[in-house]
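Please look over the model shown here. The report takes up its helices, its cores and its pockets.

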Amino acid sequence: MKPLDGITILEFSTMITAALASMMLAEQGARVIKIEPKEMGDPMRYIGARKGDISSLFAGCNRGKESLAIDLKSASGQAVIRDMIPQADVVIHNFRPGTMEAMGLGNDALMAMNPRLIYTAISGFGTEGPLRRAPAYDPIIQAHSGMAATQGTDEAPTFIRSLLCDKITAYTASQAVTSALFARERSGEGQLIDLYMLDAGL
């Protein structure tokens, strides 16, 4: 028996942070259902070296999961998600702040349906401030956190040649989810995990 057997996670993500976090939770036994756009799926499917039309990057971040193609912009697609929420233990996403709320799938709406839900929102710069809607890829966070500067010289910063901030954020998210699940065993209540890539990088 694995420690997260019986836990169901709904993952809404593009690229690495939420995908890697939920993959690690799947490795611990959770059932992870990855919700992907109907048109093309997660763009990570098409990046880098591929075998059998699946990229190694995608496989590394998404092994052990189920996948469901849903148009989240449609009322019918949103209804499917709402039908799944009462049986879910965790929702994890890395959309920009306000995106899930605009679809009626924000923390308040979903926790009203399932008060035991662990709602995990990963963003680049948080929910307030001038950069809240800014895109936040790994090199951007390396720059803002000062990580690139510490690797460089006085003349120029140097990026770490690994998606380090994505990975640090993913590890932080997966640890936060397991802690929240443990807290729920004691309190019976779910909670919101609001995690910023910049905070994790710092």
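The sections below go through helices, nonpolar cores and pockets in turn.

## Basis

This is a predicted model.

## Helix 1

Helix 1 spans residues 17-27. Ten of its eleven residues are buried, so helix 1 is largely enclosed by the rest of the structure. The buried residues are Thr 17, Ala 18, Ala 19, Leu 20, Ala 21, Ser 22, Met 23, Met 24, Leu 25 and Ala 26.

Just after helix 1 comes Gly 29. Its phi is positive, about 110°.

## Helix 8

Helix 8 covers residues 164-187, 24 in number. From first C-alpha to last it reaches 34 Å, close to the 34 Å expected at 1.5 Å a residue. Gly 188 follows helix 8, with a positive phi near 80°.

The buried residues of helix 8 include the nonpolar Ala 170, Ala 173, Val 177, Ala 180 and Leu 181. Charged residues are also on the buried list: Asp 166 and Arg 184. Cys 165, Thr 169 and Ser 174 complete it.

## Nonpolar cores

In soluble globular proteins, nonpolar side chains tend to be buried together. Here, the largest nonpolar core holds 34 residues. Ile 7, Ile 9, Leu 20, Ala 30, Val 90, Ile 122 and Leu 181 touch the most other members. Several elements each supply at least two residues of this core: helix 1, helix 2 (56-62), strand 6 (90-93), strand 7 (118-123), helix 8 and strand 8 (191-196). Which of them gives the largest share? Helix 1 does, with eight residues.

Ile 7 shows how parts of the chain meet. Leaving out residues up to four places away in sequence, Ile 7 touches Ala 30, Arg 31, Asp 89, Val 90, Leu 181 and Arg 184. Both Leu 181 and Arg 184 are buried residues of helix 8. Apart from the largest core lies another, of 20 residues. Phe 12, Ala 88, Val 91 and Leu 110 are among them.

## Pockets

The largest pocket holds about 470 Å³ of space. It is lined by 22 residues, and Thr 14, Met 15, Asn 94, Ala 136 and Tyr 137 are the closest to its centre. By type, the lining divides into twelve nonpolar, six polar and four charged residues.

The second largest pocket has a volume of about 310 Å³. Of its 13 lining residues, Pro 37, Leu 72, Lys 73, Phe 95 and Met 103 are the closest to its centre. This lining divides into six nonpolar, three polar and four charged residues.

Key:
Residues are numbered from 1 along each chain as its sequence is written. This is a predicted model: local features need pLDDT of at least 70, side-chain atom pairs count only at pLDDT 80 or more; totals for chains, interfaces and linings use all residues. Side-chain values use heavy atoms; hydrogens and water are left out. Helices (H or I, at least four residues) and strands (E, at least two) are DSSP runs, numbered from the N terminus. The expected span of a helix is 1.5 Å times one less than its number of residues. Buried means under 20% relative accessible area, exposed over 50%, partly exposed in between (1.4 Å probe, protein chains only). A nonpolar core is a set of buried Ala, Val, Leu, Ile, Met, Phe, Trp, Tyr and Cys residues joined through side-chain atoms within 4.5 Å. Contact means heavy atoms within 4.5 Å. On a 1 Å grid over the protein atoms alone, a cavity is a set of points where a 1.4 Å probe fits but cannot get out, and a pocket is an open set with protein on both sides within 12 Å along at least five of seven lines; lining residues have an atom within 4 Å of a point. Grid points are joined across faces, edges and corners, and a volume is the space filled by probe spheres set on the points.
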